[in-house]
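Here is a short tour for anyone who likes to look at packing, cavities and charged pairs side by side. Have the viewer open and follow along.

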Amino acid sequence: MTERPTIGTPTPPSDPASPSTPAPTSTPAFTVAAGGRLLRHDEVTRGRALLVARLVIGVYLLELLLNMTRPHVLPDEPSLTIFWRFPGMPEEGVLDSFGSLFAIPRTAFWGVLAGIVVGIALQAVIVRMPSKDRRATVLTWAALAALLGSFALFSLFILAKSPLLVLACVPTSAFALWLIHRAQRFGWLPLPMLLTAFGWGALIQWGVGRAFTNLAYGTINGYMYEGTDLTGSTTDGSGNQVDFTFTFDLGYRTIDVTLLHLSTVNQLAAAVGVVLLILMFRHRVTDVVTGLVLGAAAGLGYNFTESVIAIELWSILSSLNGATGGFEYWIRQSASLFGSQVVFGALVGAGIGLAAQTRRRAQRVGLVTAGLVAAIGGAVANEVLSAWLSGLVRDHVGIGGTLDTLVISPAIWLAPQVPFLTVCLLLLRSGIRARVAAARTAVTAEAAEAAEAGVGGAITEREVPFLMDPALRFWALVSTWRRHGPAAARALRRFQRAQLEVAGWRWQQERAAAEAKALGAREQPQAQEEREIQDAQETQETQEVQQAQEAREEGEALRARAMRLRTDVGRLVGS
């Protein structure tokens, strides 16, 4: 007696080669779902990505110029403060030296300058090439890697010094990244896109923050202490009198301004990463969930590198403040893993995602600015308020005790972040609800279209309730596992994901059509008055036709893949 298939599991056709199950078709190279080319290659995208990179490099060169023209307050100061060292300091800066704030790796500094030169040279070659030449696309991404990727040298220098700490932080960070990925529920971003966001935060964002802020600290220090006599108490190796007992108020003001600068640069770097990823990678829809997930992944990457250096540093300074490397690991990789940089990066990304959903420039600027201000303010408040709260409770709680380690210290660190975390969760819930509504519409429409055509489609009306309810999907997987084994359950899982990919594609096409219609309605009066843009309109129409053809081919490939997987599940389950 043949066992009846599990409810929610597709019933196989009597003949796998029947007309209701089309033969496999080749997947176009641009198909995201099928693992095709993930990066965009159009001229507009390349130009915008290069523009963003040029802005970053321009600000970095401005930081260099300001540092070189700063007031010199100590004897024999070098032209750049990053080359200044305490007397007796070793040739290469180390984490256990207070001078490490200045002594960044010289190889990394010169590597960044070399990357800038290479990036400029590549752009000079690109402008001489036809815009549709495939080599122009390759050289564009190479120029971006040279301009921005060189900042990763600062992070790699830190990570290479503590390989065991890097390995210790991998499991927790990987688990957190998986949870961030699962939070999307529908319209998932390509996994390489999410991993790139994490790598951006861990390598480039952290490196940009270190490179910019090291220069800024020297610049701020020079202007703060301008006109102050700092000689007379100690003698360095050259016989110059140097006083290292700086005025406390000026020292605190310098640190405060540097902290504000670091927080600003970090969140701007996160915003740059989110914008570049949205521009470069092919994905379904850009909304608040897209930006929030990318920003959180970038923040998680930043937290990864920051955890390594914090654990190493506080392990060395434990005799001064009582903190240990194990305590820092507990705080940064456990208790507040989803706080701090993850929350603030998510706010930046959410602002960008919301801005992408509106066509009005003023609203876009306002949303992005709001996200940045909230993230920068939260980062500064987190550092300042947590230190202030710590000072209030230290006289009443024993430092280093079980209560302090497990409850008090994590609560103090997380308390300033709670309002920002709440905002992120509310934005995520709102975005997920919008996605669920869009998924329900797309799934229902796909099933209804197949039913009207009278042929077996990628989604049937019987499967709609299961696709729209995660609990029912999970129950179907468990039941299939119990009745037919793990192979059938894995095949059903792949089939469900393929069906949701079809729904995501349909959602993408419907949303793009609605946006194009709204944009055309707004631009029509202006277009009628400006005849000189007719040629540009014809070119745009040609591109739109080509994109529509590619979209149809992608949809056919996704549907064919889903129906092949339906056949695979049916074969494993049996009729």
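Phenylalanine 109 is in contact with Tyr60, Leu64, Leu80, Ile82, Phe83, Ile104 and Phe154, once its neighbours within four places in sequence are left aside. Keep in mind that this is a predicted model, and the values that follow are computed from it.

**Nonpolar cores**

Phenylalanine 109 also stands out in a wider setting: the largest nonpolar core has 81 residues, and Phe109 is among those with the most contacts inside it, together with Tyr60, Phe151, Phe212, Leu276, Leu294 and Leu300. Which helix gives the largest share of this core? Helix α8, residues 288–316, does so with twelve residues. There is a second, separate core too, with 31 residues, including Val285, Phe466, Met468 and Val573. As background, nonpolar side chains tend to be buried together in soluble globular proteins.

**Two isoleucines to look at**

Helix α8 is also where isoleucine 311 is found. Buried or exposed, which is isoleucine 311? Its relative accessibility is 4%, and because buried means under 20% relative accessible area, isoleucine 311 counts as buried. Setting aside residues up to four places away in sequence, isoleucine 311 touches Leu165, Cys169, Gly325, Glu328 and Tyr329. Take glycine 325 from that list: 14 residues separate it from isoleucine 311 in sequence, while their C-alpha atoms are 4.5 Å apart in space.

Isoleucine 255 has its place in helix α7, residues 248–280. With a relative accessible area of 48%, isoleucine 255 is partly exposed. Isoleucine 255 and tyrosine 217 are 38 residues apart in sequence, and the distance in space is 8.1 Å, C-alpha to C-alpha.

**Enclosed space**

Rolling a probe the size of a water molecule over the atoms shows where empty space is left. How many cavities of 30 Å³ or more does the structure hold? There are three cavities of that size, and the largest cavity contains about 100 Å³ of space. Around the largest cavity you will find Arg185, Phe186, Val436, Ala439, Leu467, Met468, Pro470, Arg473 and Leu500 as lining residues. Met468 is named among the members of the second core as well. By class, the lining divides into seven nonpolar residues, no polar ones and two charged ones. Three helices each supply at least two residues of this lining: α14 (418–453), α15 (464–468) and α16 (470–484).

**A network of salt bridges**

Now for the charged pairs. Side chains of opposite charge can pair when their charged atoms come close. A search of the whole structure finds eight salt bridges. Glu446, Glu449, Arg506 and Arg559 are linked in a network of such bridges, and the table sets out three pairs within it.

| Salt bridge | N to O distance |
|---|---|
| Arginine 559 and glutamate 446 | 2.5 Å |
| Arginine 506 and glutamate 446 | 2.8 Å |
| Arginine 506 and glutamate 449 | 3.0 Å |

Which parts of the chain do these pairs bring together? Arginine 559 lies in helix α18 (residues 534–573) and glutamate 446 in helix α14, so this pair ties together parts 113 residues apart in sequence. For arginine 506 in helix α17 and glutamate 449 in helix α14, the parts tied together are 57 residues apart in sequence. The bridge between arginine 506 and glutamate 446 likewise links distant parts of the chain, helix α17 with helix α14, 60 residues apart.

Arginine 506 deserves a closer look. Helix α17, where arginine 506 is found, covers residues 486–529. Apart from neighbours within four places in sequence, arginine 506 is in contact with Ala442, Ala445, Glu446, Glu449 and Arg559. Those contacts include the other three members of the network, Glu446, Glu449 and Arg559.

How accessible are these side chains? Arginine 506 is buried, with a relative accessible area of 13%. Glutamate 446 is buried too, with a relative accessible area of 4%. Glutamate 449, on the other hand, is partly exposed at 39%.

Key. Residues are numbered from 1 along each chain as its sequence is written. This is a predicted model: local features need pLDDT of at least 70, side-chain atom pairs count only at pLDDT 80 or more; totals for chains, interfaces and linings use all residues. Side-chain values use heavy atoms; hydrogens and water are left out. A nonpolar core is a set of buried Ala, Val, Leu, Ile, Met, Phe, Trp, Tyr and Cys residues joined through side-chain atoms within 4.5 Å. Buried means under 20% relative accessible area, exposed over 50%, partly exposed in between (1.4 Å probe, protein chains only). Helices (H or I, at least four residues) and strands (E, at least two) are DSSP runs, numbered from the N terminus. Contact means heavy atoms within 4.5 Å. On a 1 Å grid over the protein atoms alone, a cavity is a set of points where a 1.4 Å probe fits but cannot get out, and a pocket is an open set with protein on both sides within 12 Å along at least five of seven lines; lining residues have an atom within 4 Å of a point. Grid points are joined across faces, edges and corners, and a volume is the space filled by probe spheres set on the points. Ala, Val, Leu, Ile, Met, Phe, Trp, Tyr, Cys and Pro count as nonpolar, Asp, Glu, Lys and Arg as charged, and the others, Gly among them, as polar. A salt bridge is a side-chain nitrogen of Lys or Arg within 4 Å of a carboxyl oxygen of Asp or Glu.
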